[in-house]
Structures are given as C-alpha cells and as structure tokens.
Amino acid sequence: MNPTHSIDQAHSSSLRGTVAAMTRAAQQARRIAAQTQTAVVVERNGVLEHLQMPANQTSDLPSLQTVPTKKDH
C-alpha cells in the first residue's frame with residue numbers, strides 16, 4: 001500500500017493548485033448565491049444541506065445559515 005500525501009505535495013503544478021482553485025470556486029458560488037438570494041447545496045456526512053447566504057453580507061465568506069432540506073425520496 002502506498003502512503004498517502006497531501007495534494008499540496010503533488011509533482012504536478014496543476015494538481016497542487018486544485019485546492020486553491022476549489023476554494024476560489026466555493027467563494028464565488030457563495031457570493032453569487034448571496035447576490036441572487038439562493039441557497040448553496042453542499043453534502044456533509046452524506047446529508048445534503050441547503051445553505052442560505054445572507055444578502056446583506058459584505059465579506060468574501062458570508063456566514064452560513066442552514067436551511068432544512070426537504071426529502072424527495
């Protein structure tokens with residue numbers, strides 16, 4: 001079995017940049033959600049959550065408010 005390493009230690013510069021790219025994408029999704037007053041859907045521990053972004057938030061990472069998710073199954 002091969003030991004696991006952090007992706008930040010990858011040989012490929014493209015792979016090393018993925019964590020920062022995903023962080024930027026998440027921040028942009030939250031900004032757009034706040035502007036459009038829509039929720040961001042995330043999965044935590046196998047459970048889908050709708051996170052409502054406050055429209056009046058001015059920081060890059062708005063505080064998150066969890067909104068109950070309706071089960072469609």
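Among contacts in the protein chain between residues at least 6 apart in sequence, 10% join residues at least 24 apart. The model is predicted, and its protein chain has 73 residues, of which 16% count as buried. The accessible surface of the chain comes to about 6,100 Å². Carbon and sulfur atoms account for 53% of that surface.

The protein chain contains 2 helices and 3 strands. Read from the N terminus, the order of these elements is α-α-β-β-β. Helix H1 covers residues 13-16, and helix H2 covers residues 18-36. Strand E1 is formed by residues 39-44 and strand E2 by residues 47-52.

Strands E1 and E2 run antiparallel and are joined by 6 bridges. Two of the pairings can be given by residue. Val40 has Leu51 in E2 as its bridge partner, while Glu43 is partnered by Leu48 in E2. The two strands form a hairpin with 2 residues between them. Asn45 lies in this loop between E1 and E2. The phi of Asn45 is near 55°, a positive value in a residue other than glycine. With a relative accessible area of 82%, Asn45 is exposed.

A positive phi is also found at Gln37, where the angle is about 55° although the residue is not a glycine. Gln37 is placed in the loop between H2 and E1. Its relative accessible area is 58%, so Gln37 counts as exposed, the cut-off being over 50%.

The largest nonpolar core consists of 6 residues: Ala33, Ala34, Val40, Val42, Leu51 and Met53. Helix H2 and strand E1 are the elements that give two or more residues to this core. In soluble globular proteins, nonpolar side chains tend to be buried together.

Within the core, Ala33 belongs to helix H2. Ala33 counts as buried because its relative accessibility of 3% falls under the 20% cut-off. Leaving out residues up to four places away in sequence, Ala33 touches Thr38, Val40 and Met53. Of these contacts, Val40 and Met53 are themselves members of the core. The C-alpha atom of Ala33 is separated by 7.8 Å from that of Gln52, a residue 19 positions away along the chain.

The surroundings of Val40, another core residue, include residues from both helix H2 and the paired strand. When neighbours within four places in sequence are set aside, Val40 is in contact with Ala29, Arg30, Ala33, Glu49, His50, Leu51 and Met53. Among these contacts, Leu51 is also the bridge partner of Val40 in E2.The structure holds 1 salt bridge. In this salt bridge the side chains of Glu49 and Arg44 meet, with an N to O distance of 3.5 Å. The two residues fall into separate accessibility classes. Glu49 has a relative accessible area of 17% and is therefore buried, the cut-off being under 20%. Arg44, with a relative accessible area of 37%, is partly exposed. Glu49 is also one of the residues in contact with Val40.

On the surface, Ile7, Leu15 and Val19 make a nonpolar patch of about 230 Å². Ile7 is placed in the segment before helix H1. At 36% relative accessibility, Ile7 counts as partly exposed. The patch thus has a member in the segment before H1, whereas the core draws two or more residues from each of H2 and E1.

Methods:
Residues numbered from 1 in each chain as written. Predicted model: local features only at pLDDT ≥ 70, side-chain atom pairs only at ≥ 80, totals over all residues. Heavy atoms only, no water. Helix = DSSP H or I, 4+ residues; strand = E, 2+ residues; numbered from the N terminus. Buried < 20%, exposed > 50% of the residue type's maximum accessible area, 1.4 Å probe, protein only. Contact = heavy atoms within 4.5 Å. Areas by Shrake-Rupley, 256 points an atom, 1.4 Å probe, with all protein chains shown as cover. Pairing = 2+ DSSP bridges. Core = buried A, V, L, I, M, F, W, Y, C linked by side-chain atoms within 4.5 Å. Patch = residues over 30% accessible without salt bridge, like charges linked within 9 Å, V, L, I, M, F, W, Y side chains within 5 Å. Salt bridge = Lys/Arg side-chain N within 4 Å of Asp/Glu carboxyl O.
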